[in-house]
Amino acid sequence: MRITLVSAAAALALLSVSTSLYGQRADDQIDARSVALLERGKAAKAAGNLDGANDLIESALAVDPRNRQAYVVLAEVARAQGLPGKAIRFYREALTLEPNDVAALRGQGEAMVQKGAVERAKENLARLKTLCGANCADATQLAAVIAKGPPATATASAQVVPPPKVETKKN
């Protein structure tokens, strides 16, 4: 009698677990509402409305956080706003979902150069060359950005003015 109760409980647990796994969506099926919000966000970005694009794409991620393309476009918006650190974080989220996304690797490398982390961008370039070979457009584009180097900051490009000389009186 005791064995029957235990086996019935185990069978019920197995049935409930297998039913819940069967009802989940596959990873490659993104919610249609998220895709629609992403498209509206891309249109707002193209129109120059970066804040509106940011809001729409964040809404797309709230609907479906597995929307890798939304992370990539959100990172592009952050780079356009001059926020390379934020862009690097969004590219990292996209790479967490798909580690071999060449567009995210290229974008993250470009954002790293923009921030001044050229050595880490070179690591992304090496990974890109491993993934898609030497004749890869993304690898070529990242190599060109790395060769150009990080942008000069306003303080670094300003002319250095020597301090005024102070005359001292001799007694």
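**Asn-67**

I looked up Asn-67 first and found it buried, with a relative accessible area of 4%. The model is predicted, so I read the value as computed from that model. Asn-67 sits in the loop between α3 (50-63) and α4 (68-80).

What does the side chain of Asn-67 make a polar contact with? I found the side chain of Ser-34, at 2.8 Å.

I then listed contacts, setting aside neighbours within four places in sequence. Asn-67 is in contact with Ile-30, Ser-34, Val-35, Leu-38, Leu-61 and Leu-97. Ser-34 is thus on both lists, as polar partner and as contact.

**α3 against α4**

Next I took the two helices on either side of that loop. The axes of α3 and α4 come within 10 Å and cross at roughly 155°. The cut-off for roughly antiparallel is over 145 degrees, and α3 and α4 are therefore roughly antiparallel to each other. I noted the hand as well: α3 passes α4 in a left-handed crossing.

Which residues meet here? From α3 I wrote down Leu-50, Ala-53, Asn-54, Ile-57, Glu-58 and Leu-61. From α4 I wrote down Ala-70, Tyr-71, Val-73, Leu-74, Val-77 and Ala-80. Leu-61 of α3 also appears among the contacts of Asn-67.

I followed Ile-57 further. Leaving aside neighbours within four places in sequence, Ile-57 is in contact with Leu-38, Gly-41, Ala-70, Val-73, Leu-74 and Val-77.

**α2 against α4**

Leu-38 led me to α2 (32-46). α2 and α4 pack at an angle of about 20°, with their axes 11 Å apart. That makes α2 roughly parallel to α4. This crossing is left-handed, with α2 passing α4.

On the α2 side I found Leu-38, Lys-42 and Lys-45. They meet Gln-69, Ala-70, Val-73, Glu-76 and Val-77 in α4. Ala-70, Val-73 and Val-77 are listed where α4 meets α2, and they are listed again where α4 meets α3.

**The core**

Last, I looked up the largest nonpolar core, which has 35 residues. Which of them touch the most other members? They are Leu-38, Ile-57, Ala-87, Tyr-91, Ala-104 and Ile-146. The elements giving two or more residues to this core are α2, α3, α4, α5 (84-97), α6 (102-115), α7 (118-132) and α8 (137-148). α4 supplies the largest share, eight residues.

I close on Leu-38. Leu-38 contacts Asn-67, contacts Ile-57, meets α4 from α2, and is one of the core residues that touch the most other members.

Conventions. Residues are numbered from 1 along each chain as its sequence is written. This is a predicted model: local features need pLDDT of at least 70, side-chain atom pairs count only at pLDDT 80 or more; totals for chains, interfaces and linings use all residues. Side-chain values use heavy atoms; hydrogens and water are left out. Helices (H or I, at least four residues) and strands (E, at least two) are DSSP runs, numbered from the N terminus. Buried means under 20% relative accessible area, exposed over 50%, partly exposed in between (1.4 Å probe, protein chains only). A polar contact is a pair of N or O atoms within 3.5 Å; within protein, one must be able to donate a hydrogen and the other to accept it, and residues adjacent in sequence count only if both atoms are side-chain atoms. Contact means heavy atoms within 4.5 Å. A nonpolar core is a set of buried Ala, Val, Leu, Ile, Met, Phe, Trp, Tyr and Cys residues joined through side-chain atoms within 4.5 Å. Axes are lines fitted to C-alpha atoms, for helices over the stretch in contact, and angles run from 0 to 180 degrees between N-to-C directions. Angles under 35 degrees count as roughly parallel, over 145 as roughly antiparallel, 65 to 115 as roughly perpendicular and the rest as oblique. A crossing is left-handed if the near helix is turned anticlockwise from the far one by less than a right angle, and right-handed if clockwise.
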